[in-house]
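Biologist: Please show me the model, and then let us go through its cores, its salt bridges and one of its strands.

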Amino acid sequence: MKILLMGNPNVGKSVVFSRLTGVRVIASNYPGTTVGYTRGETKLGEDTAEVIDVPGTYTLEPTSEAEEVALEMLHTGDVVINVVNATNLERNLYLTLQLLEKGVPVVVALNIWDDTKHLGIDINLDKLRELLGVPVVPTVAVTGEGIKELVENIPKAASPRLPPRSRDERWAAVGSIVDQVQNVTHRHHTWRERLSDASVKPLSGGIIALVIMAASFIVVRFIGESLIGYVFDPLFDNLWAPVLMRLSELLQGGGFLHDIVIGKLIGGQVDFVQSFGLLSGGLYIPFAMVLPYVFAFYLVLSLLEDVGYLPRLAVMVDTIMHRLGLHGYAIIPTLLGFGCNVPAVLATRILESKRERFIAATLISIAVPCAALQAMIFGLVGARGVQYVVIVYGTLFVVWIILGMILRFAVRGFTPELLIEIPPYRLPQWRAMLQKVWMRVSGFLVEAIPIILGAVLVINILYFFGVFEAIASFTAPVVTNLLGLPEEAVTAIVIGFLRKDVALGMLAPLALSAKQLVIGSVVLAMFFPCIATFVVLLRELGVVNMLKSMGIMIAAALITGGILNLIL
């Protein structure tokens, strides 16, 4: 049996899914799209049933790619569990009636049932079951309440085959049902409701957004750097490095195989950032450089999701982001990019259309410097004067605005309106949240490690045969004439493909002027992303769109660098 979990966004579908399936899940993209969904298994008596968490949808009349996928998946299921927000029946029952008109067996999970008491909402369950003609089970997914009864009612799923209705007739039916089954009594606002109201007002909401995003940035960076400094670096330095040095001796310290497997020795030792072999940088990059930030990002993202803040942040900045061909949710990956571009590009998955994901990922890769690169900018450029740091950040901000406006008109597709239901603030359920983090992190590693190892292998082969040196020689006239940088800076720019902060550090011994440091910093920030971000771009955008994004990066970096060379 195939069970589909369907419902509006932000009604707790993923928590119900987690309760039904545990951690035995697989994340996939729907064929021919970049819309993700999750599937797992649950026990129905002696049998095993497949459970699919269908992308959230408000209607079976699609207005976005995710809703198109939801409609397609509807035809593949045997039973639908329609997860409904019990605190907002009127909004949710429209989809319920559409499902009943399709004739598929349905069970309604009336989720967030505990909040109905807090909000003074009384729902007559027997009357609702009678009017819908299907089992209706109240659930509190975050605590597990009602889940056992929900599973027991799956075999009782019914399909009353309602006659097709027009949109207006359907809304009229929803209103009639709500009038008959729901009674709301007067009550005073709780502190959570007052905070909810303040979160979407321009002044108070802006202050709250700044505080939460600053705190998120600090937490992601703190957790990421702590894991690197206290867990992964000691493991690689104390346990893995001696193994690689022993293997290096067996490979006689050099040669083609040594450079592929171990990489170049730096000062006679393995340097996990610079050695760049399959067993050195190839393992260090995904596990010690990327995984800590990915884990920290998904932990913070899951917390903000489960608390209910993300929809409020999206509403706050939606108008501004539309000027760049995006909608409000794009602010989340953009701000996270200031910590690390890798989780920022991954976060573009929360955007609905391919167009939005392409624009957001490209803008992040070009105009949002990661924390490591920012540290080098403040250290090198800041030493010449704070005004030069302001020029670097001001240039990147202007590029972000102008390039976003250009891409808004140049990239085909659409930016859907921000149609979201804002859930009440809730305390997160830690077990469900950690399960979600584990599922996302493990999915990232399974997808990213083979690509990173493959990229390291190809780059090492190109290095061994002198391809990178040839590229440096070929591009030297552009670097010296257009950008006004010395020929020695070419190597640093090429190294920027591997690690931008290391590349900027290579400019330090070149005795550059303040003007050249500003140009070098801006060009490196806008040029190819580091290899970890590059790999994630390839995974998220696909080969064709990744190449388009790279072309935009090269053109934007050269044009901006050339303009700075003329006006500074």
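The questions and answers below take these topics in turn.

Modeller: This is a predicted model, in which local features need pLDDT of at least 70 and side-chain atom pairs count only at pLDDT 80 or more, while totals for chains, interfaces and linings use all residues. Residues are numbered from 1 along each chain as its sequence is written, and side-chain values use heavy atoms, with hydrogens and water left out.

Biologist: Which helix gives the most residues to the largest nonpolar core?

Modeller: A nonpolar core is a set of buried Ala, Val, Leu, Ile, Met, Phe, Trp, Tyr and Cys residues joined through side-chain atoms within 4.5 Å. Buried means under 20% relative accessible area, exposed over 50%, and partly exposed in between, with a 1.4 Å probe and protein chains only. The largest core has 121 residues, and those that touch the most other members include Ile285, Tyr298 and Met526. With 15 residues, the element that gives the most to this core is helix 11 (residues 281–307).

Biologist: How many residues are in the other core that lies apart from it?

Modeller: Members of this other core include Val51, Leu110, Trp113 and Ala173. Its residue count is 62.

Biologist: Which parts of the chain does the salt bridge of Lys13 and Asp53 link?

Modeller: A salt bridge is a side-chain nitrogen of Lys or Arg within 4 Å of a carboxyl oxygen of Asp or Glu; here the N to O distance is 2.7 Å. Lys13 counts as buried because its relative accessibility is 9%, and Asp53 counts as buried because its value is 11%. Helices (H or I, at least four residues) and strands (E, at least two) are DSSP runs, numbered from the N terminus. The two residues are 40 apart in the chain, and the parts linked are helix 1 (residues 13–21) and strand 4 (residues 47–53).

Biologist: Is Arg165, the salt-bridge partner of Glu101, buried or partly exposed?

Modeller: The closest N and O atoms of Glu101 and Arg165 are 3.5 Å apart, and both residues belong to a salt-bridge network with Glu61 and Arg170. Glu101 has 16% relative accessibility, so Glu101 is buried. Arg165 has a relative accessible area of 26%, so the class for Arg165 is partly exposed.

Biologist: How many residues apart are Glu152 and Lys148?

Modeller: Their side chains meet in a salt bridge of 2.7 Å, N to O. Both lie in helix 6, and their separation is about one turn of the helix, or 4 residues.

Biologist: Why is strand 6 described as largely enclosed by the rest of the structure?

Modeller: In a regular strand the side chains alternate between the two faces of the sheet. On one side of strand 6 Val106, Val108 and Leu110 are buried, and on the other Val107, Ala109 and Asn111 are buried. Strand 6 (residues 106–111) is therefore largely enclosed, the buried count being 6 of the 6 residues.

Biologist: Which strand pairs with strand 6 over 6 bridges, and which residue stands opposite Leu110?

Modeller: Two strands pair if DSSP finds at least two bridges between them. The partner over 6 bridges is strand 5 (residues 79–85), in the parallel sense, with Asn85 opposite Asn111. Strand 8 (residues 136–138) also runs parallel to strand 6, joined by 3 bridges. The strand asked for is strand 5, and the residue opposite Leu110 is Pro138.
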